[in-house]
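Q: Let's go through the labels on this one and check each against its cut-off. Show me the reasoning as well as the verdict.

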Amino acid sequence: MVSNRVSQAELPIERRTVGRARTDCPARLQTPGGDWHGRLWDLSETGARVQVNSPPAQGVMCLINWQANELFCRIVW
């Protein structure tokens, strides 16, 4: 049985104004300080989600490479 509190709970508000395309492909982040290899999980006009071990610091500018694409970006979080 579902309690009344749970059934009336509000859904979280979606902060993104642009939809994201889901993906799962190898990716590389390049900075003057080194390269990070990982996975690109999703992509939109305003951002991407890349998973790497020990990522560059927030604010670092880098080049992201995936498949036959590359794009300059900034680490946000």
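A: Sure. A polar contact is a pair of N or O atoms within 3.5 Å; within protein, one must be able to donate a hydrogen and the other to accept it. Keep in mind that this is a predicted model.

Q: What makes the pairing of Asp42 with Arg22 a polar contact?
A: The side chains of Asp42 and Arg22 come to 3.0 Å. The limit is 3.5 Å, so the pair counts as a polar contact.

Q: Where does Asp42 sit, and why is this residue called buried?
A: Asp42 belongs to strand β2, residues 34-43. Its relative accessibility is 2%, and buried means under 20%, so the label holds. Leaving out residues up to four places away in sequence, Asp42 touches Arg20, Ala21, Arg22, Thr23, Ala48 and Arg49.

Q: How many disulfides does the structure hold?
A: There are 0 disulfides.

Q: Why don't Cys62 and Cys73 count as one?
A: The closest cysteine sulfur to that of Cys62 is in Cys73, 3.2 Å away. A disulfide needs the two sulfur atoms within 2.5 Å, so this pair is too far apart for a bond. Looking from the other end, Cys73 has the sulfur of Cys62 as its nearest cysteine sulfur, at 3.2 Å, and is in no disulfide.

Q: What are the burial labels of Cys62 and Cys73?
A: Cys62 has 3% relative accessibility, under the 20% cut-off, so Cys62 is buried. Cys73 has a relative accessible area of 21%; partly exposed lies between 20% and 50%, so that is the label for Cys73.

Q: What makes strand β4 largely enclosed by the rest of the structure?
A: Strand β4 covers residues 61-66, and 5 of its 6 residues are buried, which is why it is described as largely enclosed.

Q: Which strands pair with β4?
A: Strand β1 (residues 21-31) pairs with β4 in the antiparallel sense over 4 bridges. Strand β5 (residues 69-74) also pairs with β4 in the antiparallel sense, over 6 bridges. Two bridges are enough to call strands paired, so both cases qualify. For specific partners, Ala27 bridges to Trp66 in β4, and Leu63 bridges to Phe72 in β5.

Q: What is the strand order of the sheet, and what makes β3 and β5 edge strands?
A: The 5 strands run in the order β3-β2-β1-β4-β5, forming an open sheet with antiparallel pairing. The strands β3 (48-52) and β5 each pair on one side only, and that puts them at the edges. From one strand to the next, the twist averages 35°.

Q: What links β4 to β5?
A: They form a hairpin with 2 residues between them, and Gln67 in that turn has a positive phi of about 45°. Gln67 counts as exposed because its relative accessibility is 67%, over the 50% cut-off.

Q: What stands out about the phi of Ser54?
A: The value is near 45°, positive in a residue other than glycine. Ser54 lies in the loop between β3 and β4. At 63% relative accessibility, over 50%, Ser54 also counts as exposed.

Q: Which residues make up the largest nonpolar core?
A: The core has 10 residues: Cys25, Ala27, Leu29, Trp36, Leu40, Val52, Cys62, Ile64, Trp66 and Ile75. The strands β1, β2 and β4 each supply at least two of them. As background, nonpolar side chains tend to be buried together in soluble globular proteins.

Q: What does Trp36 touch?
A: Its contacts, not counting residues up to four places away in sequence, are Ala27, Arg28, Leu29, Thr31, Val52, Asn53, Ser54, Pro55 and Pro56.

Q: Why is Thr31 called buried?
A: The relative accessible area of Thr31 is 14%, under 20%, so the term applies. Thr31 is in strand β1 and touches Trp36, Pro56, Val60, Met61 and Cys62, again not counting residues up to four places away in sequence.

Technical notes:
Residues are numbered from 1 along each chain as its sequence is written. This is a predicted model: local features need pLDDT of at least 70, side-chain atom pairs count only at pLDDT 80 or more; totals for chains, interfaces and linings use all residues. Side-chain values use heavy atoms; hydrogens and water are left out. Buried means under 20% relative accessible area, exposed over 50%, partly exposed in between (1.4 Å probe, protein chains only). Axes are lines fitted to C-alpha atoms, for helices over the stretch in contact, and angles run from 0 to 180 degrees between N-to-C directions. Contact means heavy atoms within 4.5 Å. A nonpolar core is a set of buried Ala, Val, Leu, Ile, Met, Phe, Trp, Tyr and Cys residues joined through side-chain atoms within 4.5 Å.
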